[in-house]
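Work through the exercises below with the structure open. Each task is followed by a solution in steps.

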Amino acid sequence: MATVDRIAGSIDQALKSGDPRDGHTSAFHPAGRGRDLAEGSAMKPAPFDYHLPATIEEALDLKARLGGEARFLAGGQSLVPAMNFRLARPSALIDINGLMELAAIDEGSDGELRLGALVRHRDLERRPEVARRHPLLREAAAQVAHPPIRVRGTIGGNLAHAEPASELPSVMVALGARMRARSLNGERWIEAREFFTGALSTALRDDELLTEIAVPKLPPRTGTCFLEMARRRGDFALMGVAATITLDPRRRCIAARLVYCNADDRPFDAAAAAATLIGKRIAVATVDAAASAAARAMRPGGSIHASAAFQRHLATTLTRRAVLEADGRAVG
Ligand SMILES: Cc1cc2nc3c(=O)[nH]c(=O)nc-3n(C[C@H](O)[C@H](O)[C@H](O)COP(=O)(O)OP(=O)(O)OC[C@H]3O[C@@H](n4cnc5c(N)ncnc54)[C@H](O)[C@@H]3O)c2cc1C
């Protein structure tokens, strides 16, 4: 975290030399002090300009004008380390942390949960309305990184970053969420299953800001469970699964989703494997068959920490546990 603190400190220092919102100035360009810091030895990243818009419209206008070389800055927990390693060299950062309307959590009358893009992982973990509506979100968010990172990291940044091993993308696909994208040209909603287009790649266009995520109400008698295996607590998952199971009053499965992280270059939706559970009571034999089918269908990349074969083994074990747990939680 030292590197993150350092850049944050430099930006803080630059900000103290003139709050951009004083005197209704809406953008901050550290062409002077900030740029000097960036070019000198005080900062690890390549030089960049820094903007702090006061409204969403201003942020969108900046992005439209500055183009793909400019990046939105949310929690900075993925972008700033990448900049410090110079894996990312944006010409400008558009800091969206001042756009407080993006930090809202709303429960719609239709039961839909609306999460602003700036909702922090910690809010997903702690806010009672999230736990009440979507315990799966709370369960998965608690497994993202470590507490200091969860305090800063945002749901919007996490989803826009589209890391294949990340927990929340697979959860969003499992819950059938929709993403709201805005640009100067208007807005559109993108289904979670179409949002993730590859490793670190999404359906967002260069001029679009992810502003909100809408998560539909769970049907009655739906149980959910997120489980993962990581080398150490807080590490990215070697394998993870988000399971949702919906039962009829006689406890036969009428809908099931099994969506995995780190099983492909994007969330892996094992729809065919999950479909084998439908019409049946959840039992070890049926779950094992579905788990094996899912593990065979996925395309894990393997790494020095876990071969693809081991990742498939993890998927089988985690699926069995997650489906049985979700079945037990499907009450009402
Ligand atoms: C040590 C460490 C461990 C971690 N472990 C995990 C883990 O186990 N699981 C996990 O999921 N993540 C993990 N992370 C990443 C963390 O969850 C990040 O918070 C998250 O991936 C990015 O969110 P952010 O708000 O920090 O986004 P940022 O870093 O600010 O931005 C990430 C990217 O998204 C873009 N972006 C941000 N917000 C928007 C928006 N609203 N619209 C469009 N584009 C946007 C940015 O331009 C940038 O390209 C870890 C990070 C660290 C440093």
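**Exercise 1.** Determine how many residues of strand 13 are buried.

Solution. The model is predicted. Strand 13 covers residues 253-261. A residue is buried if 20 or more other C-beta atoms lie within 10 Å of its own. By this criterion, seven of the nine residues in strand 13 are buried, so the strand is mostly covered.

**Exercise 2.** Identify the pairing partners of strand 13 and give a residue pair for each.

Solution. Begin with strand 12, residues 239-247. Eight bridges connect strand 12 with strand 13, and the pairing is antiparallel. One of the pairs is Gly240 with Cys261 of strand 13. Continue with strand 14, residues 268-269. Here two bridges make the link, again antiparallel. Val259 lies opposite Asp269 of strand 14.

**Exercise 3.** Place strand 13 in its sheet and find which helix packs on that sheet.

Solution. The sheet is open, has four strands in the order 11-12-13-14, and is paired antiparallel. Strand 11 (222-229) and strand 14 are the edge strands, each pairing on one side only. Helix 10, residues 167-174, packs on the sheet and touches strand 11, strand 12, strand 13 and strand 14. The directions of helix 10 and strand 13 make an angle of about 160°.

**Exercise 4.** Which residues take a positive phi in the two hairpins that involve strand 13?

Solution. The hairpin of strand 12 and strand 13 has five residues between the strands, and Arg251 has a positive phi near 65°. The hairpin of strand 13 and strand 14 has six residues between the strands; in this hairpin Asn262 takes a positive phi near 65°.

Key:
Residues numbered from 1 in each chain as written. Predicted model: local features only at pLDDT ≥ 70, side-chain atom pairs only at ≥ 80, totals over all residues. Pairing = 2+ DSSP bridges. Contact = placed C-beta atoms within 7 Å. Axes fitted to C-alpha atoms, helices over the stretch in contact; angles between N-to-C directions. Buried ≥ 20, exposed ≤ 12 C-beta atoms within 10 Å, placed from the backbone.
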